[in-house]
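Please examine the sequence and the three-dimensional model together. The paragraphs below are meant to be read with both in view.

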Amino acid sequence: MENGFSNLSRRTFLKTGGALGALAVAGGGLSATDALFGEGVAEAHAEMQEKVTWGHCAINCPGRCALRVHTKGDEIMWVDTCTSSDADFDDLQPRACLRGRTYRQWANHPDRISYPLKRVEGTKRGEGKYEQISWDEATQIIADKLKEVIGKYGNEAVYLAYATGVSATTSRPFHRLMNLMGDFLGYYNSYSTAQISCITPYMYGSKGSNGSSLSAGEDSKLILVFGSSPTETRQGGLTTHYDWVHLRERTKAKIYMIDYRMNDSIMGHSDGWLPINPGTDAALVAGIAHYLIKHDMVDLDFLHTYCVGYDEETMPEAYQGKNLSYKSYIMGEGYDMVEKTPAWAAKITGIPAARIEELAQEIGTTSPLYVTQGWGPQRRSNGEWTAWAIMALPCLVGQIGLPGTSNGVRENRNSPSLSSFPAGTNPVKTSIPCFLFTDAIDHGPEMTSKNAGIKGADKLSVGIKFLVNYAGNCLTNQHSDINKAHEILADDTKCEFILGVDTVMCDSIMYSDIILPDLFRFEQTSQIATGSDHGYVITGTACTSPKFERKTAYEMASLVAEKLGVKEAYTEGKTEDDWIKELYETSRKKDGELPTWDEAVEMGVYTRRGKPVVSLKKFRDDPEANALATPSGKIEIFSEKLLQFTKGWELTEGDTLPGMDTLPAVPAYIPEWYGVETTTSEFPLALSGFHYRGRIHSSWGNIEQLKDVNPQEVWINPADADPRGIEQGDKVRVTNQFGVIELLAKVTPRVVPGTVAVSQGAWFEADANGVDVGGSINTMTTQRPSPLSKGNPQHTNICEVAKA
């Protein structure tokens, strides 16, 4: 036994025999059983029948791809997907990407957690030293600690951390358990979309939270894509990757991708790349808006009929005559009193003024225009206003609610709806921005509604003392400023107990006091629904029996519930399979097109064709009958609600426009704290992150085969590499005020000069000197949140790069 993992002989079999087994299946060569156990056992093994079961991926990717798991002798032999050799381009197949097809390596990884574990007494959190214990002891400790914390501090001291390791199925079993115990401190936002999710309702209300489907873009003449790369962020499944490729191949529109990288989605259409300095999209939109206004190319009829706040005529009465409209901001008559000419925008964005004018001319004269954005541009210190500005662009020319248009947010996604496991009701109304959980551990009672976005109360009454981390690497690796997070989490006088549940030992799980071994979704009965232009449901059955002492989240929570005396209320006398089938039947009553349960199990994958969706079409057709859920019922380019909501907030320098003590109520450009306009002599380069083919966030970050073909690199332009003596493949150090990482250099013109790019999600690995040789970008990111949503600004960084 080593740290509670599988025993050594088992690990050796899985590591070596697994690889040999894959070769045997593929090419008929020497089998793992022959090699390790001799011919007698090999003959028995050969007589075993291969079993094929359906399963699905459940990581933080909307693909939720179909998996066909091939097993023999209760062992996974290889993982296939939903595919056909004669499939047509238009056939609906939610195929798994390369990552999903390596699940065998993950499931059989030497560091797979197999037993309940307890932190060795006398060791510190983060050291990763554990001893095996029984389920009875583990669940008793968890129950006792939970009762102790609730009794001493109240339920607000209990917290279920934001996590994405099984985001497709969530941690609702633990939510239900905590609700039965009097509930817990809630959270809002996500690490992915805090800024855009916060600002969109101010402009569009809930009805405009989704853009048009990508298939609607096939009718466009001009497509503008801000900071999105579907072929990298959503590689598999029948979702955005498929829809993007379909759009790219079928549309006759001109496509422009506005990004600081020539990302993989642009490849093959590289003439459509508009290189832009990161964090400056709102400045580009402002420069375009100035040109449109100056040349009378805005759609005044649309702006005056459907919008609030474009000009004085459309401002709320109480704010008229104060130069607070969007037009006033653009023309230099209000706010910072700077005219936002294309020349002004050029100095900030790095795009020549003449090119901005050409683009504005195209936007003003081309119809239909389809504008969409990814989540990268908003994951910044000024992300709320970046996202808002991109949404405002199609409004200026009236290209919303018509065929071939979109409203500037991310594309619409369509999915069948499945009922969820009932989590119950949480009487604790207080919630925090999920990104600020380390603050809530470190100095919770200092956090208020005015300085930290606390909702449901004026302030926190207590810090987080009991934390559940289910399938999450966001305590450290995916959080910001890993070194600071380490200091906070390692101190068990602050958060007194951490329960971790996962499949393998990632960095975050090593801060747990008790660790429970999880099962993958394809190792149990499971069902998921998802989609984009088209929808699908995947119904999976267990590919093998549970190995060692691993359990499902429902089983774990049931055991703890028994120790707490609430098992009957928790289970209601039902098994997990009973719940799944019952919830599916509830879904079928609402959606008669869904197959029966037996049919769903038999087919494994149920697909449903969707139709193009045009965002805000009903509103465009009849704005009075289909008023938006905004105070005015219209599109609000100026938001009185935002101005009133943030009145009296405690802001930090750089949160707003220079000279202002309030947040701007229009989609302005706000320079970043650590951005292209705020670099220093010590840290002269901007640093931004991006999603990578080899991982979804940190998931698969420990799979050596994927790491070999997707090495961790820093992208650097030759103009920045040459004076530093850096060549392709050199080992380099990237340094800033928060930490140091070491990784390989990728010298390429595919990133704008003055900016370097590091893919997010690499596993943190500090050497003896504190240098992160794993190359995790979050070693170098700040825990300071964006001003409005209090969201994750992890693309806002500055740094220096040198040869290691």
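The account that follows treats two groups of paired strands, one pocket, and several individual residues.

The model is a predicted one. A convenient point of entry is the open sheet built from four strands, which are arranged in the order β10-β9-β8-β12 with parallel pairing. Its edges are formed by β10, covering residues 273-275, and by β12, covering residues 369-373, each of which pairs on one side only. On average, neighbouring strands of this sheet are turned by 20 degrees against each other, when direction is ignored. Strand β8, residues 222-226, is joined to β12 by five bridges, and these two strands run parallel. Within this pairing, Phe226 is placed opposite Gln373 of β12.

The approach to β12 contains an unusual peptide bond. The bond from Ser367 to Pro368 is cis, its omega being near 0 degrees, and Pro368 belongs to the loop between α14 (353-365) and β12. For context, most peptide bonds are trans, and most residues other than glycine have a negative phi.

Two residues depart from the second of these tendencies. Leu616 has a phi near 65 degrees, a positive value in a residue other than glycine, and occupies the loop between β19 (605-608) and α22 (617-621). With a relative accessible area of 8%, Leu616 falls under the 20% limit and is therefore buried. Trp700, likewise not a glycine, has a positive phi near 75 degrees and sits in the loop between β21 (685-690) and α24. Trp700 has a relative accessibility of 2% and so counts as buried.

A further set of pairings centres on strand β16, residues 514-517. Which strands pair with β16, and in what sense? Strand β4, residues 117-119, pairs with β16 in the antiparallel sense over two bridges, and in this pairing Lys118 has Ile514 as its bridge partner. Strand β15, residues 497-502, pairs with β16 in the parallel sense over four bridges, and here Val501 stands opposite Leu516.

In a regular strand the side chains alternate between the two faces of the sheet. In β16, Ile514 and Leu516 lie on one side, while Ile515 and Pro517 lie on the other. These four residues are all buried, and both faces of the strand are thus covered.

Attention may now turn to the second largest pocket, which encloses about 840 Å³ of space. Its lining comprises 32 residues, of which Lys707, Trp763, Phe764, Glu765 and Gly774 are the closest to the pocket centre. The lining is made up of 13 nonpolar, 10 polar and nine charged residues. At least two lining residues come from each of α17 (482-490), α24 (704-709) and β24 (740-747).

Where does the second largest pocket lie with respect to domain 1 and domain 3? Domain 1 consists of the segments 117-184, 417-518 and 549-588, and domain 3 spans 685-803. Because both domains give residues to the lining, the pocket lies between them.

A last residue to locate is Ser526, which is found in strand β17, residues 526-531. Its relative accessible area is 5%, and Ser526 is therefore buried. Ser526 and Ala457 are separated by 69 residues in sequence and by 37 Å in space, taken from C-alpha to C-alpha.

Note on methods. Residues numbered from 1 in each chain as written. Predicted model: local features only at pLDDT ≥ 70, side-chain atom pairs only at ≥ 80, totals over all residues. Heavy atoms only, no water. Pairing = 2+ DSSP bridges. Axes fitted to C-alpha atoms, helices over the stretch in contact; angles between N-to-C directions. 1 Å grid on protein atoms, 1.4 Å probe; cavity = no way out; pocket = protein on both sides within 12 Å on 5 of 7 lines; lining within 4 Å. Points joined across faces, edges and corners; volume = space filled by probe spheres on them. Nonpolar A, V, L, I, M, F, W, Y, C, P; charged D, E, K, R; others polar. Domains from an automatic or database assignment. Buried < 20%, exposed > 50% of the residue type's maximum accessible area, 1.4 Å probe, protein only.
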